[in-house]
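Thanks for coming. I will go through the surface first, then the aromatic rings.

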Amino acid sequence: MLAIYKRELKSYFRSFIGFLFIAVTLFFLGLYFSVYNLMNGYPYFAYVVSSVTFLFMLTVPILTMRILAEEKRSKTDQLILTAPVSVGGIVMGKFLALLTIFAIPVAIICFYPLIMAQYGSVPMGEAYLSILAYFLFGMTAIAIGLFLSSVTESQVIAAVLTFLVLFLGYMMDSICSIISSTGNLLTKLLRCFDLYTPFSNLLNGTLDVSSIVYYVSVTALVLFLTVQSIQKRRYSMSVKNLSFSAYSTGMIAVAVALVVVVNIIMGEMPSSWTAIDMTSQKLYSLTDQTVDYVKNMQDDVTIYVLVNQDNQDTTLGQTLQRYDDLSDHITVEYVDPTVNPMFYAQYTTGNISTNSLIVVSDKRSKVIDYNDVYESSYDFDYSTYSYNTTTTGYDGEGQITSALDYVLNDDMPKVYMTTGHNELSLSNTFTSALNKENVDYETVNLMDLDAIPDDAACLFINGATSDFSSDDKDKVIDYLNNGGKVILVTGYTDEETPNIDAILSYMNLSIAKGLVVENDSNGYYRSPYYILPTQSSDSYTSGTYGKYLFLPYSQGIIVPEEESSDETVTGDITYDVFLSTSDSSFAKQDVSNAQDFSQGENDVNGPFALGVEAVKTLDDGDATLVVYGCEQLFTDDADSVVSGANLTLFTNTFSGMADHETSVSIPVKSYEVSNLVVDSAQILLLGLLVTVILPVGCVIAGFVIWFRRRKK
């Protein structure tokens with residue numbers, strides 16, 4: 001086999017075809033790399049390889065057409081067939097020689113993501129996965145070309161057949177959709193030769209083992225067919241064609257059946273075993289929150305997907321597959337709207353989009369419109385007077401987990417938010433998180449109520465800078481005395497707030513006058529007022545522990561017998577400090593006249609709590625008060641600094657108040673990756689290197705070698 005491999009490899013480079021193949025491949029790869037990644041700054045290398053797959057239909061036929069057909073035409077194949085080399089060795093030697101030629105440009109483009117990384121953040125896992133997909137697709141295409149070269153003596157016929165077969169494999173998904181939008185036995189058989197869909201699955205950022213097995217098994221089958229084709233010709237010299245043909249047909253049937261069975265088994269295996277999420281945003285992975293929630297489900301839920309399964313959104317489809325694999329209580333069913341166009345009408349009176357989901361339990365149902373699965377931004381283009389839509393995030397997991405909780409819960413918890421004391425309003429980002437947590441909310445002015453409503457899961461006071469009235473204070477304390485739960489975010493003000501202080505005093509808590517200055521450089525961001533608190537591992541900090549939270553302009557919370565991160569008990573009150581400052585912090589009192597961050601003689605030394613839960617044991621139940629010392633904590637501006645960590649803290653807080661064992665509000669997974677920034681001079685230099693210098697260098701090298709051999 002080694003001798004065959006060396007012979008074929010040398011022949012390709014001596015005949016100029018090998019150099020030409022490499023040059024053409026590098027030129028097109030370099031061209032799309034220059035346009036997509038360098039000029040437009042896209043950080044995804046998958047854009048490049050997905051754009052050049054058409055090249056296989058042109059270059060592979062030229063590369064493979066002569067490898068066996070020419071030897072058959074010139075009768076030189078008989079020398080090899082009568083040599084002491086197995087037919088399998090002959091085929092593998094020739095195939096590996098072709099694969100080596102193809103591997104050279106593939107090896108070169110492995111450096112392209114490294115070049116991209118010099119100009120910005122690049123999802124390397126996705127980049128090299130796309131290169132692997134390109135190599136596997138090319139490997140299978142080469143095997144097909146080798147086989148078709150073995151069945152004819154004409155190079156032209158071999159090239160044309162290879163082009164047609166590769167074209168059909170490339171277009172098979174579209175062809176099947178034309179034949180039947182709902183699928184039938186014929187389309188199922190034809191999809192066995194769908195070469196592009198496994199390639200597309202890998203390009204989506206999932207290391208799909210079933211796709212790899214498909215390419216490897218098809219390649220092995222085609223190489224086996226090539227061996228059978230040559231065997232038939234070899235044995236025809238000494239045995240009757242009929243007897244060997246029957247033997248050959250039986251072996252082929254066994255091989256085809258084996259490949260089909262292997263791929264069916266791979267298709268039936270759980271996606272958690274066969275698919276590894278390689279995306280930088282972990283788009284296809286389920287968070288620990290979802291895994292914990294789904295594993296604790298006790299009731300059955302059916303998720304109806306309004307689309308033919310063959311035409312589903314691949315990202316959403318992979319997410320649904322992971323839910324299906326995770327629990328026997330979840331069943332995913334696809335309903336084709338063309339077959340059953342009014343199926344959705346039994347669950348909603350409005351119209352919904354294709355690919356939408358309907359989540360159904362014995363208690364209730366919830367519709368997830370496909371338009372809510374993706375988050376988009378809209379920019380007005382004044383040159384065309386139209387809006388450009390950009391997909392910025394994927395919320396499939398967030399919507400599905402929230403819907404599961406909604407259809408399984410007996411009652412929806414309700415939060416009352418106080419108003420009338422200059423409280424901060426929540427942005428859409430935070431109210432959407434409450435909706436996904438399946439928490440109902442309502443703003444109330446305590447002056448309009450005789451008491452906090454009995455259906456209140458908790459009371460939320462968000463940054464009040466005007467004091468409560470004595471009557472309002474009494475209503476809050478009465479609510480706590482009845483086992484109520486209150487979330488209090490303090491608001492900084494120079495005015496006295498004795499009634500808000502009285503609510504804190506109910507739990508023996510108080511606020512240090514002034515704003516916290518953090519002297520530990522590891523505990524603040526840019527300014528000592530911009531606190532990055534120390535976190536303790538807690539249900540409140542689940543998902544943020546080990547990351548940063550951002551608390552600008554915080555007030556220090558003084559806890560009796562405070563231990564910065566440990567749980568303490570004072571009388572009948574238990575304190576859990578989960579956010580705190582360092583020992584070197586202090587509370588600066590005269591903030592408005594401060595010239596620097598030095599400590600004055602009246603300033604109170606830290607450390608302070610910035611987030612604390614106080615639980616008072618009552619005769620009948622417990623009263624809970626959660627206090628945060630930062631008015632800006634639950635705002636978009638603060639949250640954006642730490643990429644959504646403050647929002648996670650928010651959802652954890654309300655999840656605990658709503659008695660959810662696990663938060664069901666999963667943040668949107670961002671699609672936004674910063675574009676590469678490459679200056680024009682480097683674009684020109686790198687563009688010349690990958691589109692001109694490398695391809696032309698290959699052509700010149702091939703021409704020189706070919707010309708020298710011709711002179712000899």
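**Surface patch and ring pairs**

On the surface there is a nonpolar patch with about 820 Å² of accessible area in total, formed by Leu-58, Val-151, Val-156, Ile-157, Val-160, Leu-161, Phe-163, Leu-164, Phe-167 and Leu-168. Please keep in mind that this is a predicted model.

Which element gives the largest share of the nonpolar patch? That is H10, with eight residues. Val-151 comes from elsewhere: it sits in the loop between H9 and H10. Its relative accessible area is 42%, so Val-151 is classed as partly exposed, because that class runs between 20% and 50%.

Now to the rings. The structure has 41 aromatic pairs. I will take two of them.

One is Phe-56 with Phe-137, a tilted pair with 5.3 Å from centre to centre and 45 degrees between the planes. It joins distant parts of the chain, since Phe-56 belongs to helix H4, residues 56-64, and Phe-137 to helix H9, residues 124-149, with their positions 81 residues apart. Are these two rings buried or exposed? Phe-56 is buried, at 3% relative accessible area. Phe-137 also counts as buried, because its relative accessibility is 3% and the cut-off for buried is under 20%.

The other pair is Tyr-170 with Tyr-196. This one is edge-to-face, with the centres 5.2 Å apart and the planes at 70 degrees. It too links distant parts of the chain: Tyr-170 is in helix H10, residues 155-179, and Tyr-196 is in helix H12, residues 196-203, 26 residues apart. With 23% relative accessibility, Tyr-170 counts as partly exposed. Tyr-196, at 24%, counts as partly exposed as well.

What do the ring pairs build when they are linked up? They form a cluster of Phe-21, Phe-56, Phe-102, Tyr-134, Phe-135, Phe-137, Tyr-170, Tyr-196, Phe-199, Tyr-214 and Tyr-215. Both pairs I described have their residues in that cluster. H10 therefore comes up twice in this talk: it holds Tyr-170, and it supplies eight residues of the nonpolar patch, by the helix numbering from the N terminus.

Last, charges over rings. Which residue lies over the face of Tyr-406? It is Arg-364, at 5.3 Å from the ring centre. Over the face of Tyr-506 lies Lys-616, and here the distance to the ring centre is 3.8 Å.

That is what I have for today.

Note on methods
Residues numbered from 1 in each chain as written. Predicted model: local features only at pLDDT ≥ 70, side-chain atom pairs only at ≥ 80, totals over all residues. Heavy atoms only, no water. Phe/Tyr/Trp six-rings, centres within 6.5 Å; stacked < 30°, edge-to-face > 60°. Helix = DSSP H or I, 4+ residues; strand = E, 2+ residues; numbered from the N terminus. Buried < 20%, exposed > 50% of the residue type's maximum accessible area, 1.4 Å probe, protein only. Lys NZ or Arg CZ within 6 Å of the ring centre and 35° of its normal. Patch = residues over 30% accessible without salt bridge, like charges linked within 9 Å, V, L, I, M, F, W, Y side chains within 5 Å. Areas by Shrake-Rupley, 256 points an atom, 1.4 Å probe, with all protein chains shown as cover. Salt bridge = Lys/Arg side-chain N within 4 Å of Asp/Glu carboxyl O.
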